[in-house]
Structures are given as C-alpha cells and as structure tokens.
Amino acid sequence: MTAARRRPVVPIVVGLLAAALVGLLVYGVVHGGQDTTLDDAVKAGQRPDAPGQDIKRPLLGDDGRRRSLADYRGQVVVLNFWASWCEPCRAEAPILQKTQAKLTAAHAGTVLGATYNDAADDSTAFEREFKVSYPSLRDVGTDLADEYGTRALPETFVLDRDGKVVAISRGQVTQRFLDNAIAQARAKAAPAS
Amino acid sequence: MTRLRSLLLLIAVLAVALPATAHAATPQTSLHDVEAEVMCVSCGVPLAIADSPQADAERREIRRLIAQGKTKGQIKDALVAQYGDRVLASPKDDGFGLAAYLVPIVLVLLALVAGAVVLPKWRAKNRDDRAIPAADGPRLTDADARRLDEDLARYDV
C-alpha cells in the first residue's frame with residue numbers, strides 16, 4: 001500500500017502570501033480613497049466643524065509668524081487652497097482679492113489662503129502679480145489640505161464665525177458662489193462676548 | 001629677491017589652481033540626479049516621469065537651487081522645507097509606508113524558511129532516487145542468482 005499523500009507546503013505558503021499582498025493592496029486603496037464626509041454634511045444643510053482648526057502654519061512672507069484657523073475665530077473665513085502653478089487659481093485670484101476688500105470694509109472677516117505644494121518664492125511672486133492683500137499660510141506637507149480632502153486645486157471653504165463650514169467649492173470659485181456663501185456665513189449670530 | 005618673486009608666483013598659481021581642483025572634486029548636481037530621488041508631490045509619482053504644472057514648478061525650483069551651487073543633499077533638504085517629507089521618493093517609515101520596508105523583509109525571511117524546510121527534503125529525495133537502481137522486473141530469487149552466477153562463470157576466459 002502507498003503512504004497517505006502529504007499536503008504540498010509550497011503552494012499553501014505562496015497562496016497565503018498572495019492573499020496577504022492582495023489584502024495589503026485593498027487596505028491601501030480603501031484608506032487612500034476620498035473622504036466625502038465634510039461635503040456630504042454641507043450638502044445636507046449641516047454646518048460641520050471646520051477640520052484642522054488648531055494646525056499652525058507659517059505665514060507666507062513671514063515664516064516666523066505662525067497662524068491657525070482658530071486664530072480667526074469670530075470672523076467669517078474664506079479658506080482658499082492655491083498654488084502659483086495652478087491656472088484656475090490665477091483666474092480666481094482677482095475675485096478673491098475683491099472679496100477680501102469687501103470683507104475688510106465690512107469688518108466681517110477675511111480671505112485666508114493656504115499654499116499647496118508650492119515653493120515660497122513662486123507663491124510670493126504670485127501674490128505680487130495679483131496684488132493679493134489677504135494672508136496666506138504655507139501648508140508645507142499639506143497637513144491642513146489633507147484635513148479638507150483637498151486633492152486638486154483650487155478649493156475654497158467658507159467658514160462662519162463659529163468655525164463651522166458653510167459652503168464648499170471644489171474648483172474655481174465664482175463671485176456669485178462667494179457672495180451667497182458669505183451672506184450665509186454672516187447670517188449666523190455672532191458669538192456671545 | 002628672485003626667490004621671493006618665485007614664492008609669490010607659486011602662491012598665485014596655487015590660489016588659482018586649488019579652487020579649480022576643489023570644484024572638479026565636487027561636480028555640479030544635475031536635474032536628472034535629483035529628479036530620480038524626489039517625487040512630484042501633487043501627482044504622487046517620481047518627478048522623473050511626472051508631467052504636470054506642479055512637476056514643472058518643482059523642476060524650476062530644483063534648477064534654481066542647482067544654479068545656487070547646492071549639492072544634491074542640500075537641494076533635497078530645501079525641497080523638504082518647501083514641500084514636506086512627501087517630496088522624498090523613499091516612503092515614510094511609519095503608517096502604511098512602513099509596509100514598503102517590512103514586506104520585502106518578510107518575503108525574504110519566508111523564502112529563507114521555505115528554503116530551509118524544502119531544500120533538505122528535496123536533496124534527500126534526490127539522493128534516494130539515485131540510490132535505487134532502475135528495476136525493470138522483480139528482484140532475483142536466491143536460486144536464480146546462483147544460476148546466473150554459474151552461467152556467467154561459464155563465460156570466464
């Protein structure tokens with residue numbers, strides 16, 4: 001009589017390894033996917049807390065001073081992610097500058113830029129070219145942008161005085177979008193002093 | 001006086017020659033060198049194969065740094081200061097990036113273990129196969145073997 005056949009070890013090990021690699025791939029894809037929680041909440045008419053409010057970043061043109069969104073609490077904030085190499089950012093810069101002038105005149109808030117994967121010299125040249133007067137944070141490493149799920153430029157988030165997100169524009173903003181969003185953000189009662 | 005003049009001439013020659021030698025010893029970094037080790041941060045692919053406005057801006061920044069006479073290491077440090085750690089082609093050694101370092105190590109270890117288990121068995125099996133002569137029929141009985149010996153003996157010269 002022949003001895004009982006032994007199970008082949010190598011195919012089992014290879015199979016397990018292949019399964020582990022596929023599992024790793026699936027994990028990478030799932031965790032690298034776009035998080036739409038913020039967009040869904042805003043679309044549903046909610047005002048979710050603006051993420052990353054405590055992340056401090058150096059101010060463009062003054063690396064010694066660091067600011068976070070929390071520093072602008074009590075003001076309407078138009079948070080705009082931009083870069084000098086982004087063509088739509090160039091197109092919307094005059095609109096944002098006009099909005100900054102309106103917000104400043106009304107003492108209502110500010111546009112706050114956040115540079116995205118942009119060399120500081122290029123960002124500064126962009127500001128000079130478009131006569132940008134609003135402040136910008138240098139989001140080196142894109143930690144702040146990651147909090148907002150920013151993958152493509154430009155993207156704009158309008159925050160009310162309580163640091164809640166009122167409107168999102170993933171793409172080039174229009175004056176109409178900004179006017180409506182800011183009106184919505186200002187409609188919220190000011191925080192008690 | 002002539003000796004002093006010769007000495008001054010020698011110093012002048014050395015003053016000109018030494019920086020040139022030092023320059024030759026540290027060749028200028030090329031865009032190609034740096035591109036191979038950094039990423040296009042917005043596209044998530046190596047800069048060497050990236051084609052996007054951000055990649056072009058990054059190349060401009062590298063050229064600017066090369067023009068300033070910076071070494072590859074200094075340029076990479078400057079790029080990290082501008083774009084963060086993600087600009088480096090080597091993955092981070094934490095979170096999911098850690099898998100890039102661990103998976104090859106685990107695979108090599110598994111290959112070694114598999115080799116240590118399978119190879120001795122395979123070699124032993126080969127040895128056994130060589131030890132067993134090819135048998136076309138049943139083994140000879142003692143009587144047949146005796147008869148074969150007697151037959152062969154008759155052919156002895």
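**Figure 1. Helix α6 of chain A in a predicted model, with its buried and exposed faces.** The 13 residues of α6(A) should span 18 Å at 1.5 Å a residue, and the end C-alpha atoms of the helix are indeed 18 Å apart, which agrees with that expectation. Within α6(A), the residues A:Leu178, A:Ala181, A:Ile182 and A:Ala185 are buried, and because these residues cover an arc of only 100 degrees around the axis, they lie on the same side of α6(A). The face turned away from that buried side carries A:Arg176, A:Asp179, A:Ala183 and A:Ala187, which are exposed. The cover over the buried residues of α6(A) includes β3, α3, β6 and β7 of chain A.

**Figure 2. The largest nonpolar core and the elements that build it.** This core has 40 residues, and the members that touch the most other members are A:Val77, A:Leu112, A:Phe157, A:Val158 and A:Leu159. Two or more residues each are given to the core by β3 (76–82), α3 (87–105), β4 (109–115), β6 (155–159), β7 (165–170) and α6 (175–187) of chain A, and the largest share, six residues, comes from β3(A). In soluble globular proteins, nonpolar side chains tend to be buried together.

**Figure 3. The surroundings of A:Phe157, and a second core elsewhere.** When its neighbours within four places in sequence are left aside, A:Phe157 is in contact with A:Ala50, A:Leu79, A:Tyr148, A:Val165 and A:Ile168. Apart from the core shown in the previous figure, there is a second, separate core of 15 residues, which includes B:Met39, B:Cys40, B:Ala50 and B:Tyr83.

**Figure 4. The fold of chain A, traced from its N terminus.** Chain A has six helices and seven strands, and from the N terminus on its elements run α-α-β-β-β-α-β-α-β-α-β-β-α. Of the 193 residues of this chain, 32% count as buried. Among the contacts in chain A with a separation of 6 or more, 69% are accounted for by residues 24 or more positions apart.

**Figure 5. The fold of chain B and the predictor's confidence in its parts.** The secondary structure of chain B comes to six helices and two strands, which follow the pattern α-α-β-β-α-α-α-α along the sequence. Of the 157 residues of chain B, 14% count as buried, and residues 24 or more positions apart account for 42% of the contacts in chain B with a separation of 6 or more. The average pLDDT of chain B is 82, with 76% of the residues scoring at least 70. Among the elements of this chain, helix α1 (residues 2–25) has the lowest mean pLDDT, 60, whereas α3(B) has the highest, 96.

**Figure 6. Helix α3 of chain B and the residues on its buried face.** Helix α3(B) has 15 residues and reaches 21 Å from its first C-alpha to its last, close to the 21 Å expected at 1.5 Å a residue. Its buried residues are B:Gln54, B:Ala55, B:Ala57, B:Glu58, B:Glu61, B:Ile62 and B:Leu65; seen down the axis of α3(B), these buried residues fall within an arc of 160 degrees, so they line one face of the helix. What covers them includes α4 of chain A, together with α2, β1 (39–40) and α4 of chain B. Just after α3(B), B:Gly69 takes a positive phi of about 80 degrees.

**Figure 7. Helix α4 of chain B, with cover that includes an element of chain A.** Helix α4(B), residues 72–83, has twelve residues and reaches 16 Å from its first C-alpha to its last, close to the 16 Å expected at 1.5 Å a residue. In this helix, B:Ile75, B:Lys76, B:Leu79, B:Gln82 and B:Tyr83 are buried, and because they cover an arc of only 120 degrees around the axis, they are on the same side of α4(B). The cover of these buried residues includes α4 of chain A together with α2 (31–35) and α3 (53–67) of chain B. After α4(B) comes B:Gly84, whose phi is positive, near 90 degrees.

**Figure 8. The side of chain A that touches chain B.** Here 18 residues of chain A are in contact with 18 residues of chain B. On the side of chain A, the elements that give two or more residues are α1 (9–31) and α4 (120–129), and the largest share, seven residues, comes from α1(A). By class, this side of chain A has eleven nonpolar, six polar and one charged residues. For the complex, the predictor gives an ipTM of 0.74 and a pTM of 0.69.

Key
Residues numbered from 1 in each chain as written. Chains lettered and ligands numbered in written order. Contact = placed C-beta atoms within 7 Å. Helix = DSSP H or I, 4+ residues; strand = E, 2+ residues; numbered from the N terminus. Nonpolar A, V, L, I, M, F, W, Y, C, P; charged D, E, K, R; others polar. Buried ≥ 20, exposed ≤ 12 C-beta atoms within 10 Å, placed from the backbone. Core = buried A, V, L, I, M, F, W, Y, C linked by C-beta atoms within 7 Å. Expected span 1.5 Å × (residues − 1). Arc of directions from axis to C-beta. pLDDT = per-residue confidence, 0-100.
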